[in-house]
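Trainee: Before we look at anything together, could you show me the model and let me ask how each label is earned?
Mentor: Gladly; here it is.

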Amino acid sequence: MYGRPVTDKSDTIMLTIPADSRFRGVATLVLSGVGSRFDVPYERMDDLQLALLSALATGGGGESLSLEVEAGDQFVSVTVGPLRNGSSADPAFTRVLAGLVDSVEPVYRDGQEW
């Protein structure tokens, strides 16, 4: 998202919501609150929210999805999961995210893709 400086202090917010699409608005609301707190420009926040919704749509089929937002004065980092395994290799998904965020890095936790 923004380049992460080594000396920047950050805050982390963790949210777990039901995987049902009706709860995705809660995740975007939390993200927009973080963006407001750290003065992220509106256009950038709009891109981040669209990227978040795209990631949430690739949920791994479980009962819940988790969102971790780490933010500081110069960066916002979002981790979403668990996703369907192989999501990061899906060309359509990566093409959408590449146009919205600075970088996308798959992370594996307990054998599941985030």
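Trainee: Where is Gly61 placed, and what makes Gly61 buried or exposed?
Mentor: Gly61 sits in the loop between helix 2 (42–57) and strand 2, where helices (H or I, at least four residues) and strands (E, at least two) are DSSP runs numbered from the N terminus. A residue is buried under 20% relative accessible area, exposed over 50%, and partly exposed in between (1.4 Å probe, protein chains only). Gly61 has a relative accessible area of 72%, so it is called exposed. From Gly61 to Ile17 the distance is 13 Å, C-alpha to C-alpha, with their positions 44 residues apart in sequence.

Trainee: What kind of model is this, and how are residues numbered?
Mentor: It is a predicted model, in which local features need pLDDT of at least 70 and side-chain atom pairs count only at pLDDT 80 or more, while totals for chains, interfaces and linings use all residues. Residues are numbered from 1 along each chain as its sequence is written, and side-chain values use heavy atoms, with hydrogens and water left out.

Trainee: Why is strand 2 called largely enclosed?
Mentor: Strand 2 covers residues 64–72, and seven of its nine residues are buried, so the rest of the structure largely encloses it.

Trainee: How do you know that strand 2 pairs with strand 1 and with strand 3?
Mentor: Two strands pair if DSSP finds at least two bridges between them. Strand 1 (residues 10–18) shares nine bridges with strand 2, in the antiparallel sense, and Thr16 stands opposite Ser66 there. Strand 3 (residues 76–81) is joined to strand 2 by six bridges, again antiparallel, with Val76 as the bridge partner of Ala71. Strands 2 and 3 make a hairpin, with three residues between them.

Trainee: How many salt bridges are there, and what makes Arg22 and Asp20 one of them?
Mentor: The structure holds three, a salt bridge being a side-chain nitrogen of Lys or Arg within 4 Å of a carboxyl oxygen of Asp or Glu. The closest N and O atoms of Arg22 and Asp20 are 3.2 Å apart, and this pair forms a salt bridge. Arg22 is exposed, with a relative accessible area of 66%, whereas Asp20 is partly exposed at 34%.

Trainee: What does the salt bridge of Arg44 and Asp102 tie together, and why is Arg44 called buried?
Mentor: The side chains of Arg44 and Asp102 meet at 2.8 Å, N to O. Arg44 lies in helix 2 and Asp102 in the loop between helix 3 (91–98) and strand 4 (108–109), so the pair ties together parts that are 58 residues apart in sequence. Arg44 has 18% relative accessibility, and therefore counts as buried.

Trainee: Which residue forms a salt bridge with Glu68?
Mentor: Arg109 does, with 2.8 Å between the closest N and O atoms. This pair links distant parts of the chain, since Glu68 is in strand 2 and Arg109 is in strand 4, 41 residues apart. Arg109 counts as partly exposed, at 27% relative accessibility.

Trainee: How do you know that the radius of gyration agrees with a compact globule?
Mentor: The radius of gyration is taken over C-alpha atoms, and the globule rule is 2.2 Å times the number of residues to the power 0.38. For 114 residues a compact globule would be near 13 Å, and the protein has 13 Å, so the two agree.
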